[in-house]
Each structure stands twice: as structure tokens, then as C-alpha cells.
Amino acid sequence: MTGTIPLQYFLIISTLMFFTGIYGFLTRRNLITMLMSIELILNSVNINFVAFNRFLYPDNLHGHFFSLIVIAVAAAEAAVAIAIIINIYRNFRSIDVDKVDEMKF
Amino acid sequence: MIDYTYTLLIPLIPLAVFLFTGLAGHKMNPKVSGLIGTTGLFAVTILSYLTAIRYFWTDHLHGSGYQAMKAFEIEWLHLTEKLTINLGVLLDPISVMMLIVVSTVSFMVHIYSLGYMKGERGFARFFTFLSLFSFSMLGLVLATNIFQMYIFWELVGVSSFLLIGFYYEKPSAVAASKKAFIVTRFADLGFLIGILMLSFMTDTFDFRTLVSPTGPAMLQAGSATFMGLSAITWALIFIFMGGAGKSAMFPLHIWLPDAMEGPTPVSALIHAATMVVAGVYLVARLFPVYSMVAPDALHVVAWVGGLSSLFAAIIACTQTDIKRVLAYSTMSQIGYMMLALGVSGYGGHDGLGFMAGNFHLFTHAMFKALLFLGAGAIIHAVHSNDMRDMGGLRKYLPITHITFLIACLTIAGIPPLSGFFSKDEILVAAYHHSMPLFIIEFAVAGLTAFYMFRLYYSIFWGKHTHYHHTPHEAPATMTIPLMILAFGAVFSGFLPFHELVTSDGLPFEAHINYGIAIPSVLIGVLGIVVATLMYRKETAVPAKMAGGFGSFYTWAYHKFYMDEVYLFVTKKILFNLVSRPVAWFDRHIVDGFMNLIARVIEKSSYLIKGLQSGRIQQYGYVFVTGTIVLVIIFVFIL
Amino acid sequence: MNILSLFVLVPVLTSAAIVFTKNMKQTRLVAAAGMSVQLILSAILVFMYLAERNAGNTAEMLFTYDALWFPSLNIHYAIGVDGISVAMIALTGIVVFAGIFASWNMEFLSREFFISLILLATGVFGFFISLDLFTMFLFYEIAVIPMYLLIGIWGSGPKEYSAMKLTLMLMGGSALLMVGLLGIYFYSSPDGGPLTWNLLEISKIDIPVEMQRFLFPFTFIGFGILGALFPFHTWSPDGHASAPTAVSMLHAGVLMKLGGYGAFRVAIFLMPEAAQEQAWIFLILTGISVVYGAFGAIWQKDLKYINAYSSVSHCGLVLFAVLMMNQTAFNGAILQMISHGLMTALFFALIGMIYGRTHTRMINEMGGIMKVMPFLGVVYVIAGLASLGLPGLSGFVAEMTIFFGAFQHTDFFHRFLTIMATTSIVVTAVYILRVVGILLLGPIKDEHFLHLEDAKWHERLSTITLVLAIAAIGIAPLWLSDMINVSLEPIVNKISMAGFEFTGLF
Amino acid sequence: MTVNDFLLMRHELMLVAIALILLITDLMVKPAHKSAIVPFAIALFAVQTIVGFLPADEGVLFGGMFKTTPLISLMKNVLNIGVLIILLQSWPWVNKPENREKMSEYFILLFSTLIGMYFMISSGDFLMFYLGLETATIPIAALAAYTHHQTKSAEAGVKLILSSALSSGILLFGLSLIYGSTGSIYFDQVAAVYSNAPMQVLAFLFFISGMAFKISLVPFHLWTADVYEGAPVNVTSYLSVVSKGAASFILVLVLYKVFFQLFDIWQNVLYVISVLTMFVGNLFALRQQNMKRFLAFSSIAQAGFILLGMMAGSQMGMTSVIYFILVYIFSNLGAFGVVAAIEASTGKILMSDYNGLYRTNPKLSLLMMLAMFSLAGIPPVAGFFGKFFLFTSAASAGLYWLVFIAVLNATISLYYYLMVVKAMFINKTDTPIAPFRSDSMTRLGLILSGLGIFVVGFWSQVYEFINSLSVGLF
């Protein structure tokens, strides 16, 4: 499995994912979906780390560890986020992001 | 060198009196402060006469001429390493002569006022101001340098302001005092600029240095020229502007008639005898400079003087307020003096005009003060300034009548009264210098005699007016000064001025030039005769005459509308076209701009408030855009 | 304890003591006591200074004291005085003293009022004694900021607006100033030695000319705004009109002098070359404000506006003289600052007293004041005469020194401008006499005025103090101008070293 | 690990311990005595603060992931002071009945974020940095949504968590690129090989924008105002001083240590950002009526000033930044303390509610005025010195025009700070806030901040001490 797929492909994929995530975050009206887009971004980052590590710097494991940590943090983040979103749902009776603009200007 | 330090007391005594009565005046009985002032002036008079006698006769070493000497001098302020302002006492012929004039008239006026101002509300205040004036005037006379002169110049200005506005609850008096101060102030601006230029060129203020034939001023004849005249000529013209303002020369004379709003003794002292001749004195002071390096400036002096005397004499013929008539006659007589200086040369017999000018200054002080005080006595009796309310007063006021008549004859130049001598010398000098000026002055001599006797007759003769309470002669405090001054008016003509007060300090031979004296006397007599015919009895002639002159008469009656012109310039132009726009500009443009900045900032804060829409995704947009912009700038552009 | 530090300490202690006072009476007593001490101190300082000089002490600054404050930035608490600052301190002492008594009956929040007033004074004193640019700037802003509260709380008319405008414009000025000072600091040692904030040390070196070109406008305008430099003067009419009496007195009398003093001490002194180059611009501006202010004053109806505009004119003359850059003109500028400080303070005091009785400041609503309040009337006339430059009062000395100093300039342009400036003395006469004529003289307009009483003892004390000072300077100016002249020596020498011909005195 | 290593980590370990103790006690005590937790927690943290000041020596742990120096522990202590004051000020709010059963969560969450900041500041590599960052962020989101019955609070929470997630996503992407281009995540190794190759600049920019989000610099600041307004006032003050301070610390450290090769680039980046930040922050603050929102925007503007210090890239710069943050903590907490006290006792939060406050509560208004002056940089209070030194260091880098812009902005900011003073001292109203006497803890908190406002400026030793520790670019 060594080097059959060149690094560029990974990077392209990850970049695509990154911008897809951002696109989703900016366009999706549903808070949960926005959260998922965030996950996309984070995963693109993970792919980056792993790919870099695997192809460029196989002699250390920083990238792998980093991606592991990111996954863990992402989980925590998601947990808190969902908790708050539930809270939002309690208060606004909806999880449509556009409803959540009580405070402005 | 003989010690004259005591002359320092001459200005200081009135100052002390001023401070004392000014600070403590309201606490004590007004009479007391009046007496204090008078005694002070008495002392001053004694000292002045003493000084004069010593200077002119006892201490004088013959042959060497009269030297200017500094009796006293201290440093007051130093401006630059070369220019320092000193205060001191300078004694030379003209200053000693002026000492006599000022102290005499002032003393007379003090005594006179004791009676005239009796029972006035501001009695003490009046005498306080009088002492202030005396102090300033004496300081001016004794100035050792031109800047000291300027200092006291301003001070006499302000004391005249205070005295004209003495009845400060009368709007007309307030207006008159304001006018007098501002007009003279404007003239003083010229004086200041003149001093600036002169001191810049000569690096000195000191009179003795300035006028010494080897002094720095004399080297300036060929100095840089501007519009054809050398810089020093301009400087001297500017300085003369100051003198013209104080001496009410055309066109800066407009304050003088209004100044008659002040109490009559004030008019006698300030606006007839002393302050108004300060201009003449100033020119006389700098006379060597004028005549040696700036003859053009001297021509200006001569012509301004000549025209003013004619102008004033014409107006004087038409006025009905007796004090205004006297005011215009003062202006006319000062014109004489200016002209005399203007036509004079330097040294020996050429300096005739110089001598004549000072001579006339001296005699004029006597008879004009006498006239004013007489007028005061009349007003005191009749409670009116207008000659149309008078007539046939001679039997009510015998002393006033006689003295007034003497004064009128004197000013008309009837020998052997003093006026004859001084005026004759002037005419001679003018004759030698320029014909047109001589003719003007000749005519003016006639006019003078005419309007003075017009005045005299319509007061003491003419119709018999009915006074609701019979006029009575003034008290002794007022009549005695009249008599003393009358004495002066009669005999001061015999003073040997050509030996005492000359342009170069050396005496010269002066004799009466009959070729000019006789015509001048004749035209004086002619004027008197005409006046007698017209005004001795009430006739219709004056009205006809006036009608005959037509619009010219009305113009003269309205003083050739000079006041209106000034009013137009100040009110319309300065106030409405300069000051008002400036105020508006400041409020709306300059300040408006500052407010505009504030408003722009505030508006812009409302403008961009949409940025904070409260929607998370829009925040995301901005975030990402910001990042991308940074990337574009710093990765792709830089 | 250095005597100069007392000038900062005494006010601070006074305001600290005021905190514990119970009522208005105690408060004003404490304030008066403190400021009297301050006045006495300044008198003592003057005498000590003259004694030192006569003893032959020729040091540039006397009574110096220097304590390292922020070592890493080389910021010191460095104080010291020369004749100029001594004169300014004396001025401040007098004006503050008079101001306290002028606001004797301040009922409303009296403690706060006097504390802020004295805090302001602290800033001013500190500014005049400091030799270190940092502390100078510190005290400068300390002096400026209490104005907001003083005007905003105790003012009248559109006070919030005026207070805010004044504060913001002056702070905008210090924005410029900050840049200038920082620039000076970072070029204070061309040979890579330790940088310094110390005025004297900086004056020993020459700041690179191209840097001066950049920094001079910042510094000069920064100070100039406080000195009412056209067209940045518009805070002054509104501010003065809205401020309470004592504040107008202090502000116009003393605070505006910080501008002139700083412009002279920092901008001109440290950056003479740039000053020479750019002087003409500012000369035109100041020349404008001299005449323009006077003309603006003619048209005003409100006494305080009249005085504010005349302040613009007079302070313009200060900056004008400073820019002429010769010893006599400098001397005149300092004299003018002092004389204007005294007489404008006197004016504002009188206006406040008259306003307190007639409840109007519109001159056309008043008249014949002289009849009912002879004392106030006479003093007002004296103030007016001082302001139009009557000999024997301080204004004349200052103006003449300025005019003659400025006219010494060899350049025709400068002499021409001088003549332009001299015309202001006529215009000044016009508006002063206009006020005197309408306000004091003539018949009484309003019968309510008939039973107004004349000045109280504290008002007399306050005004007489100022009148005496004005007269003293006007009658015997020599000692003062000598005191200033000696201290001008080093400054003029530095300027002349900058290749500038000047007319010196010694 | 030896004892010495523990000593090196004493900030973190003690705080973890404290958090755990609180957790356990929260389980132990009966609901009746829950209120005893608050003084307990405060006392514990006071100990923590004091211990933090004990002299520490520098060292590196975990193979370079964690490192501490006197400078870093100083930074931590600065944060501690802020947190302590906040805890004191939050007394009346935490003791409210509706917070009774979850008061210990408040402390635990707060402490855990603080732990995160500790780690972030003393991180030696990007992994630890990222961990600390997230640990510092996520609990704050929970804190922002603390009062779950309030819609605003919930909204603040979701806004914070989502946008911070986005920002940390972008930041992470930057980190991944850094790793990809350098092959290491250790600061010193990265610094050794970093250059201004386009990709590395790109990575750096991603990183900067992530950090800018934390310090709420324009245009990455938009979450700030809403979160500040919605969150409980004490959480807001925590966000505005402590987390902003921590982020600035690590930013200046990273900029100086890791990216010093890119000095020219990041100086320009900061130039642009700081000008934007100052203007936008001020312009928004002008209009605000809600005090929390008002302070939010003012703190944005202040962040713009902080950048001026960073741009110097010298020891002076770092000193001025740390010093300013210390001053800023005191001043801002003074302001927030007053706002909190008033909100706790009356529930009023609008500027118009403050009209005539001086008549009823002079002491509070005086402190508020001092705080406002300090924020505006008016002598003699500390803010003046803080700002002046920031400007000095900016000028030392020759950025005179930037200094000019900054001081102009200071003038603009003076306008709205004075509006508060005006409201309290000048404006008249019929219904001023009734006089009230806040509890001793709050007063202690207020007094502490007041003292700080006064003392830190004049007492030059503070500045000199910081200066002796701080460093410039390598």
C-alpha cells in the first residue's frame, strides 16, 4: 500500500472537505447540520495531518496524535454544542439558526 | 550742570494727589479733595515758574544757546540690547514753555472748577481725573524719549476719555468719550507704527540722540524708499498722524466738537490749551529730524495744518453752539501752529516758523482757555450752550463780558494784544515759504475775526432774550481765573520768544514785518466790522447771507458731513461687512467644521451597524471573508 | 523636601482634606487656606529664585530635583524652574487664589467642585515645574480632564455640549502632542546613547532636521490647540461661555497658557530648525487669529463670548510672538501670557459677579451698572483698559515688548505681519469701549438693577488681588522682564546656534 | 516525574486539585449547606493565587510540550488576579436562589477553562496549545449558557460554541499546513525552519485569524458583543479580561517565538487589523445603551490598542502588552464590577438607568468614573500609563502614524466613556437607582480593582518587574 495514491489526492480531498464544511456552515439553516459541517472541517484537518505524517514525515507520529486529539476534542465540542442546542430548542421552540438573532447591532 | 532733579516733583505731585483722592476720595468731603487737588497744582505751578525762570534767565550762560538737559532719568524696561525705554525729565526751551502753559492753565481751571462744579455729584471724581490728566500731560511734556511720550500720550488720551464721559449717565457724553478715544487711538496706531519704524532705523528712542545733527536719524535721509518717499519720511508721517489725531487735524478732527460734551473747564484745559496742542509739541520735538531728513513730511504737516485751519474756520462761522464754535476755532488755530512748523526752516531766521508756532501755542493757550472759561461762566448763568438762547448778556455779566471781549480781540489779532504778534510771525513765515498757504492763512485770519465777533455779539448784544431767572455774574472762584488769563492774553505777546524758543536754541533777530502786519490787522478789522453790522443788532442779514451761500452754507452747517462719512465707514463697513461676517464665519464655518467631524463619526457608526446582524452565519461569512482577504493581500499581493 | 514638589503636594493634600469636610463653609475654608498657602509659596519661590540669581547661581534651572521613575524607559520625576516657569507659577498661584474666592458661594456639590478645581490647579503647577516630557504630558492631561466635570456639572447654558467639545478638542490636541513627544524621545540621542525625556538634556543635542520637519507641526499644533490657535480655537468661546466663573478664570487665565508655554518650551526650543522653516505658516495663522479674534469680539452680545474672542486674539499674539523667534519677542510672549492670564481672569471674575446679580450676560439687556455697583464698574473699566493696552497696566508692557521684538526681525514679511498685528489694538479699543459704554455707563435699563448691592468682601479680595498684580507689572515691569530675560539666554543661544540671527539683550 | 516537575506545574496541578475538591464537596454537602461552597471555593482560589506568586524556576516537561518560565508564571498570576476579583464580584449573583443547585458548576467550569489557559500559555508545541485553547473555550460556552431559562443566555452559548468551532477549525487547518510544511509541531523546531514561503504565510494567516477570533479583533470579533450581552455579567467580565488576556499572552509569545521570521509580515497584518479594530470597536461602542454590550465593544477597541504593543516586536513591546493587560484587567473589572453589582441588586443594565447615580451611590459612581478614565487612558490612573507605554513601544518601531491614529481613537473612545460619566454625574432623573449597600465580598472585589487602577500606574516597580522578565524577538 505504499505510495500508490499520491499525497496530492489526499490534500485535494481534504481541501474540498474543508471548503464544503465552510460552505455548509455558512448556508445550512439547521444548527445540527452546521455542527456536522464543523465536523467536516475538522476531519479535513485530520486527513491533512495523517497524510502529511504518512507521506512526508513517516519517522514521527505528531500528525497521528494530533488527529486523535482533534477527534477527541471534536467529540467534546459536539457534546457541549448539542447540549446548548437543546437549550436553544427549549427557549426558541426551533433550531433554525435564523431565529437565533435576538441580540444584534 | 545745574541740578534740576526737583523737577521730578512736577509730574509726581499730581500723581500723588490722584492716587490719594482716587483711593480715599469717596470717604472724605468732596470739597476737601477739591482743595487738595488745587493746592497740588498750585505747588506745581510754583515749581514750573521757578524752573522756567532758572532755565531761561538765572542759570542761562549766554552765547551757547539753550541746551536740552536731562534732569532725571531711570530705566523702565529694556526691549533689546539697543532699545531701552526710560522715564525721565527733559528740560529744553519748548518743554519749559509747555510747563508754564500746562501748569498755569491747569491751575486756573482747578480754581475755576471749585466754583463751576460746586454741588456736582462727582465733584471729588472730577478733581481726581483732573489730577490724573495734569500728571499725564506734564509727563508728556517732560518726556526724555519718544516712547515715554507715547506712554503719557496714551494716558492723556484716557484721562480725556474719562473727563469727556464725566456725565456718564448721559448717552451723548458716553458716545462722545468713546468717539474721542477711538479716533485718537486710531491715530496713535500711526504714532506707534512710526515709532516702530523710527526705532528700527535709528536704534534709539532718545530725543537728544534723535535730533542731534550727528545722530543716527540724520543718516537715514537716503534710506530705502517706498512709493517715492524714504523710509524715515514714512516713519515721520506716521508719527505726525498720531499728532494730527490728538490735535484734531483734518480728517481726524471729528472727535473734538463732540468732546464738548465734557464739563466746560475740561474743554478749556484739555481741548483748548494743553492736550490738543500735544500734536504740535510732538512735531516741534522732532522738528530737526523733520526739517533735515524729511522735508516732504514737513510739507504734509504744513498743508494739513493750513487746510484744517481753513476748513474749521468755515464751519465755525455756521455753528450755533458756542462751545462748538470755540472748538472749531481751536482746531483752526492749531492748524495755524502746524502750518507754522510746516513752513519753518532750521536755524537762525529760517526757524521763524518754529518760533512762531510755539509762540502761538503759548498765546493761544491763554486766550482760548480764557474764551472757554468765559463760555463756561455764560453757560453757568444761562444753562444753555446755544447762542440763540442768549443775547444782551453784557449787563448781567460785566466781568465775563470784558474778559471775553479781550479774548476775542486777541484772537482776531488786534495789536498790541498777544495774538497779533504770534499770528503775524506765522504769516510772515508762511509768506516766505509758499504763497498759497499764505493766502489761506490770510483769509482764515479774516474769518477768525468774523466768527469770533459773531459769537461775541450774539451773546452779549443782539436781541434781548427774556430769561426765566435773571442771569448773575459767576462767583469769584470763577471770575478771578478769567482776569488772570485775560492779563496773560494781553501781555504774553511781549515775551521775547525769538530769544527763548528757537529751532536751534540760539536767539535771532525778529521784527514786525509791516508789509504783512498791516494787511493782516486790516482784514481782522474787516471781519470785525462785518460781524458788527450783521450781529450787533438783530437783523435779517445773516439769514440772507446764509441763503446766499445756499448749499455751501448747509454743508458747512453740517460740518461737511464728516461725521456721516465716519459713521458709514465704522458702522456699515467695519461692523456689518467685517465683524459680522467674521463672527458668522467662526460660528458656522470653523466651528461648523469641527461639529461636522463629530457628526460624520456618529453617522458612520449608524452606517455600519448592519455588520452586527446578530446572525451566526453572517458572522461566519465575515470571518471567512476576512481571512481570505488577508490571504489575498499577504500571500498573493505582497 | 524640594520646594517645587510642595506645589504639587499642597493641592493634593488640600483636596484630600476637603474630602473630610462636612459642609460648604468648611469646604471653602479649607480650599481657601490651601490655596493661600499656595499663593504664599509662589511668592516665596519668586524671592528665593531672585535671591539665588543674585547670589550668582547661573544654572539653567534652579531648585532641580530628579528621581528615576521608570528606569527602563528612563522616565524621571525631574523638576526645576527658571525665570519663565517661576513667573508662570506665580501667575497660577494668583489666579487660583482669586478663583477660589470668586466661587465663594458655590452651594451645589461644593466639595466636588473645589476638589476638581484644585486638581486642575495641581496639573497646571505640575506642568510648569516639570522638566521631564513624560511628567509634563502627564500633568498636562491631568489639568485638562477636570474641565469636563467642572463645566458639565456646574456650568450653564449648553454645558454638556460645550464640555464635551472642549474635552475632545483638547484631547485631540494631545493626540498630536503624543506623537510629537514620542518622536522627540526616540531621537533624543543621536549617538545611540540612552534615550531621555529630559528637556535640558534633549536641548543639548540636535534632533535630525528631517525628523524635526515631521515632528514640529505635531508638537506645535498639539500645544497650539490649547493656546487657541486658529482654526482650532472654537472650543474656547463655547467652553468659556458655559463654564462657571472660577473655571473660566482658571482656564482662560492659566490653562490656555500651557499651550503657549509648551509651544515655546518644547516645540520651538527643541526643534528650532523646523520652527524656522515652518514659522511662516503658523505666523499667518496666528496673525489671523490676532485680528480675527478681535473683530469676532466686536459683534458678540454675550459678555463671556466677547471675552473669549478677545482671549483668542491675545493668545494668538502669544503664539505670534513665540514664532518670531528672537529674545525680545519671546520675552513679550511670556509677559503677554502673564498679563493676559491676570486680566482675563479678572474679566471672567467680574462677569461672573455681574451675572450672579443681574442673571443675564447679554450686554444689550444691561446698562448703568456703574451707578449701582461702582466697585465692580470701576474694576471692570480697569480690566478693560488693561486689555486695550493702557500704559501703567500689564497689557501695554506685554504688547509693546512683542511689537518691538517682532519688528526687530530683519525680514520684511515679519515686519509687515507685525504691523498687521498692531492694528488689533484699535479694534480691541473698539470692543472694550463698546462693552464699557453699553454695560457700565449710560442710563439703567432695568429697574430691577436699582437695588443690586455692590461686591462682597470675598469678591473684592479676589478682584483686588488681580488688579494689584496687573498694576504692579504695568508700573514696574523691569524686574519681571529681567527675570525672564536671563532665563531666555540658553534658549536663544540654542536657536542662534541653529543658524538664526536674532536680537539678543545681553 | 520528580517533585520538582510537580513544582513546575504547580499552577495547573493545584487548580485541577481545587476543581476536583469542589466536585467532591459538591457531591458530599447537603443541599441546605450548598451556599458554603462559594466562600470555600473563593478561599481555595485565593490560596492558589498566593501560591502562584511564590518564586518559580523555569523548566520543560513532557519532552517540550509543556514549558514554564518566570515570565509565563507571571502571566498566569496576572490571570489569577483577574479571576480572583471576578469570583469576589460574582458573590451576589452566584448566591441567587436560582443558581443555588448549580453554583459549584460555575466554579468548576471557570477553573477548568483557567486550566486550559494555563496550558495554552505554557504550551511548548501546537498540540498542547490546541488542547489548551479548546479546554479554555468549550467550558466558557457552557458558562455563557449558564442561566438556561434565559433565551439570551442560550443564544450567547450557541453563538460562542459554533463560531469558536469554526474559528478553531480554520486555525487547525492552518496548524495542519504548518505541520505539513515543517514536519514538526514543536515551537522551537518550527521556528527554526519557518520562512515566508507562500504556504507557510497562508498557514500563519489561518492561525492568526483563529487567534484574532479569541482576542476578538475585527473582522473576527462579531460574536463578542452578542455573547457578552447574553452571558451572565460575571462570565462576560471573565471573557472580556481573562480569556482575552490569555489569548493575547499566547499570541504575543507565539508571534515572538515561533513566527519571528515573519516579523515584517505579521507586523503589517497587525497594522491593518489594529486600525480596523480600533475604528470599528469605537464606532460600535458609540451607540450602545446596554452597558454589557457597550463594554464589549469598548473591549474590542482596547484589543486594537494591545496590538500596538505587539507590533514593536521588542522587549519593550512585550512588557507594554503584559503591563497593559494587567491594567486593563483592573480597569475593566472595576467597570464590570459596578455593572454586576447594580444588575444583581436592581437588574438594571441600561446606560440610561445610571442617570443620577452619583447622588444615590457616590462610591460606585466614583469607581466607575475611575474605571472609565482608566480605560480612556486619562491620568493619573493606571490606564494612562498602560496606553502611553503601548504607544511608546509602537513608536519605537517607527509607527508614528499608527500611534496618531490610535490616539485619535483614544479620543473617540473618550467620548463614550465620558457619556457614562455624564450619565452618572450630570444627567438628572426622577427615578435614579435607589441607594444600596453591596455585600462585603463584592466590595472587596471592587476595592481591589480600584486599588489596582490607582496603584499599578504610579508604582513603577510593577512595570520594571514585568520588563525584567519579558523578552523580545529572538
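The following exercises, each with a worked solution, concern a predicted model.

**Exercise 1. Chain B as a whole**

Determine what secondary structure chain B has, and what share of its residues is buried.

*Solution.* Begin with the secondary structure: chain B holds 25 helices and four strands. Next, consider its extent, for the C-alpha trace of chain B spans about 115 × 65 × 55 Å along its principal axes. Turning to burial, chain B has 638 residues, of which 58% are buried. Finally, examine the contacts in chain B between residues at least 6 apart in sequence: 80% of these join residues at least 24 apart.

**Exercise 2. The contact between chains B and C**

Identify which pair of chains has the most contacts, and describe the side that chain B contributes to its contact with chain C.

*Solution.* Five pairs of chains touch, and among them chains B and C share the most contacts. In this pair, 38 residues of chain B are in contact with 42 residues of chain C. On the side of chain B, at least two residues each come from strand E1 (69-78), helix H5 (146-164), helix H6 (171-202) and helix H24 (562-607). H6(B) provides the largest share of that side, with 13 residues. By character, the residues of this side of chain B comprise 24 nonpolar, five polar and nine charged.

By contrast, chain A and chain C are joined by no contact, and their closest C-alpha atoms lie 25 Å apart.

**Exercise 3. The contact between chains D and A**

State how many residues of chain D are in contact with chain A, and which element gives the largest share of the side of chain D.

*Solution.* The contact brings together 30 residues of chain D and 35 residues of chain A. Two or more residues of the side of chain D come from each of helix H7 (126-144), helix H8 (151-182) and H11 of chain D. The largest share, 16 residues, belongs to H8(D). The composition of this side of chain D is 16 nonpolar, nine polar and five charged residues.

**Exercise 4. Two crossing helices in chain D**

Establish how helix H14 (residues 291-312) and helix H18 (residues 382-396) of chain D are placed relative to each other, and which residues meet.

*Solution.* First, take the geometry: the axes of H14(D) and H18(D) come within 7 Å and cross at roughly 40°. Angles under 35 degrees would count as roughly parallel, and those from 65 to 115 as roughly perpendicular; H14(D) and H18(D) are therefore oblique to each other. The handedness of their crossing is left-handed.

Second, list the residues. H14(D) contributes Phe305(D), Leu308(D), Gly309(D), Met311(D) and Ala312(D), which meet Lys387(D), Leu390(D), Phe391(D), Ser393(D), Ala394(D) and Ser396(D) of H18(D). The residues of this contact divide into seven nonpolar, three polar and one charged.

**Exercise 5. A helix in chain C and the residue after it**

Check whether the span of helix H14 (residues 327-358) of chain C agrees with its number of residues, and decide whether His359(C) is buried or exposed.

*Solution.* For the span, H14(C) has 32 residues, which at 1.5 Å a residue should cover 46 Å; the C-alpha atoms at its ends are 45 Å apart, in agreement. For its surroundings, 29 of the 32 residues are buried, so H14(C) is largely enclosed by the rest of the structure.

Just after H14(C) comes His359(C), in the loop between H14 and helix H15 (369-372) of chain C. Phi of His359(C) is near 60°, a positive value in a residue other than glycine. His359(C) has 9 C-beta neighbours inside 10 Å, and because 12 or fewer is the limit, His359(C) counts as exposed.

**Exercise 6. Backbone features in loops**

Locate the loops that hold Pro416(B), Pro219(D) and Phe62(D), and describe the backbone at each of these residues.

*Solution.* In chain B, Pro416(B) lies in the loop between helix H16 (398-411) and helix H17 (418-433). The peptide bond from Pro415(B) to Pro416(B) is cis, with omega near 0°.

In chain D, Pro219(D) occupies the loop between helix H10 (198-215) and helix H11 (222-230). The bond leading from Val218(D) to Pro219(D) is a cis peptide bond, with omega near 0°.

Phe62(D) is in the loop between strand E1 (59-61) and strand E2 (66-68) of chain D. Its phi is near 50°, which is positive although the residue is not glycine. With 14 C-beta neighbours inside 10 Å, Phe62(D) counts as partly exposed.

Technical notes
Residues numbered from 1 in each chain as written. Chains lettered and ligands numbered in written order. Predicted model: local features only at pLDDT ≥ 70, side-chain atom pairs only at ≥ 80, totals over all residues. Contact = placed C-beta atoms within 7 Å. Nonpolar A, V, L, I, M, F, W, Y, C, P; charged D, E, K, R; others polar. Axes fitted to C-alpha atoms, helices over the stretch in contact; angles between N-to-C directions. Parallel < 35°, antiparallel > 145°, perpendicular 65-115°, else oblique. Left-handed = near helix turned anticlockwise from the far one by under 90°. Expected span 1.5 Å × (residues − 1). Buried ≥ 20, exposed ≤ 12 C-beta atoms within 10 Å, placed from the backbone.
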